[in-house]
Amino acid sequence: MVILVIALLVMVIIVLIIYNIHIQKKIEAYNNLNDRINNLSVLQDFMKVAGEEDSVDNKLKRINDIIIDKYDIKYSTIVVFNGAEYVIKASNVDPKHHSTLVNLHNEEIFQDSVATATPKYITVENDNEKLPYQKSEMGRAKSAMFFPLYIDNIYIGYWIMESGQMHAFDKIDTTILEVVKDNIISVLQTVAYQDTIENIDRIDEFTELHSAEFLYGKAKKVMDQFATSAVCMFKIINIKEINENFSRQMGNEIITQIADIVKAKMSREYIFVRYMGPKFVIVFSGVEEVSTEQFLKDLKQEIEDLALVESDEYEDGEEVPAEIDVEQEDKEETVEAASPVMNFVVSTYYKGTGIEQLTKRLEEYLDTAPPNESQINFI
């Protein structure tokens, strides 16, 4: 009887062990599924931020905040090489430590990690130690994980997370962190074009206006505050003749004075850029095409009333062209004056669409219009 009871107990124990193993596998499967769901959720948050209308730096800061929040990380810093130097794109570390964090690629302990594209985990063993890259910040971080960032086998920077506790990342699932790293890289790739546009904008030396690239970055954010905006592109169609018959300095002065006329007449809510060469763009934010017609008629007339002549000293660069009254009757001899001839084209920008496609269409219209066309066109 005792043997039978023992055998029964053994069977019960075996059944319970098998049941526990089965339950454990289910728990692990659930946890893995939960991790995948969480990672998918994080990726969706990343992509949402990447697609929003905001600067690249603000997007990366928000993504860093998501990492800190979702994965309960004490410190997180993203450093990227911008083509000239390493810069911190996002960090919740006190700025007084940034000079250290931005130079981690020079630290010997991380150089193998950069060379082999593998993460590096470091930690101290007692409170009197400090991490090898730390200078005078003994109390802040006691452990860290360093992830080099690569796009298409090209090293572009690194992500480092830190903790104020020793051995903080001993049991952390590095596969999850690899997913986070890959998501950071995906966002960096997504915003790379935007980053280029935001940094390529220049101020024109003659007119002190932004270049065309301004339209695709900061200006677009303003335009997208409205459902529609009128966009006008105009061109000095006789700039080549002015340069040939007078001088290139005269052509530059014509361009400068046209810019000054437009700036003086424009509302502060509108956007005005030197698009390219003799072409300019005005964006009437939140205004319909038809509402711009009278403004553009007056503007065209005022510009074409310009009449500039060169003084004797101008050819030596000592003077600028002077504006004259071409109808002045008491002149003993006729003085030839340079006057611009303009062609305008206007269309509508719709919120969220490609402003670059619209400006390309306006440019094509002006470049293929009849050589002597000088009017205001709505297309």
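L358 is buried, at a relative accessible area of 7%. The figure lies under the 20% limit for a buried residue. This is a predicted model, and every value here is computed from it. L358 sits in helix α11, residues 355-368. Which residues does L358 touch, leaving aside neighbours within four places in sequence? They are V231, S347, T348 and Y349. S347 is 11 residues away in sequence, and its C-alpha lies 7.9 Å from that of L358.

**The largest core**

Two contacts of L358 lead to the next topic. V231 falls within β6 (228-236), and β11 (342-350) spans S347; each of these strands supplies at least two residues of the largest nonpolar core. That core has 31 residues. F234, I258, V262 and F272 have the most contacts inside it. Helices α8 (239-245), α9 and α10 (293-304) also supply at least two residues each, as does strand β8 (279-284). Which element gives the most to this core? Helix α9 does, with seven residues.

Helix α9 covers residues 248-265, 18 in number. From first C-alpha to last, α9 reaches 26 Å, close to the 26 Å expected at 1.5 Å a residue. Its buried residues include M250, I254, I255, I258, A259, I261 and V262. Among the buried positions of α9 are also G251, E253, T256 and Q257.

F272 touches α9 residues A259, V262 and K263. Beyond four places in sequence, its contacts also include L209, F234, M266, F280, V281 and I282.

**The second core and the sheet**

A second, separate core has 28 residues, including I63, I67, I78 and L188. I78 belongs to β1, residues 75-81. Strand β1 is mostly covered, with six of its seven residues buried.

β1 is part of an open sheet of five strands, in the order β2-β1-β5-β4-β3. The pairing is antiparallel. Where are the edges? β2 (86-91) and β3 (120-123) stand there, each with a single partner strand, so one side of each is left without a neighbour in the sheet. Neighbouring strands are turned by 20° against each other on average, direction ignored.

β1 pairs with a strand on either side, as the table shows.

| Pair | Sense | Bridges | Partners |
|---|---|---|---|
| β1 and β5 (154-163) | antiparallel | six bridges | S76 with M161 |
| β1 and β2 | antiparallel | five bridges | V79 with I88 |

V79 also stands opposite Y158 in β5. So what links β1 to β2 in sequence? A hairpin with four residues between the strands does. Within this hairpin, G83 takes a positive phi near 105°.

**Helices on the sheet**

Helix α4 (residues 108-116) packs on the sheet and touches β3, β4 (143-151) and β5. Its direction makes about 35° with that of β4. Helix α5 (residues 174-190) lies across β1, β4 and β5. The angle of α5 to β4 is about 45°. L188, listed in the second core, falls within the residue range of α5.

Notes. Residues numbered from 1 in each chain as written. Predicted model: local features only at pLDDT ≥ 70, side-chain atom pairs only at ≥ 80, totals over all residues. Heavy atoms only, no water. Pairing = 2+ DSSP bridges. Axes fitted to C-alpha atoms, helices over the stretch in contact; angles between N-to-C directions. Contact = heavy atoms within 4.5 Å. Buried < 20%, exposed > 50% of the residue type's maximum accessible area, 1.4 Å probe, protein only. Expected span 1.5 Å × (residues − 1). Core = buried A, V, L, I, M, F, W, Y, C linked by side-chain atoms within 4.5 Å.
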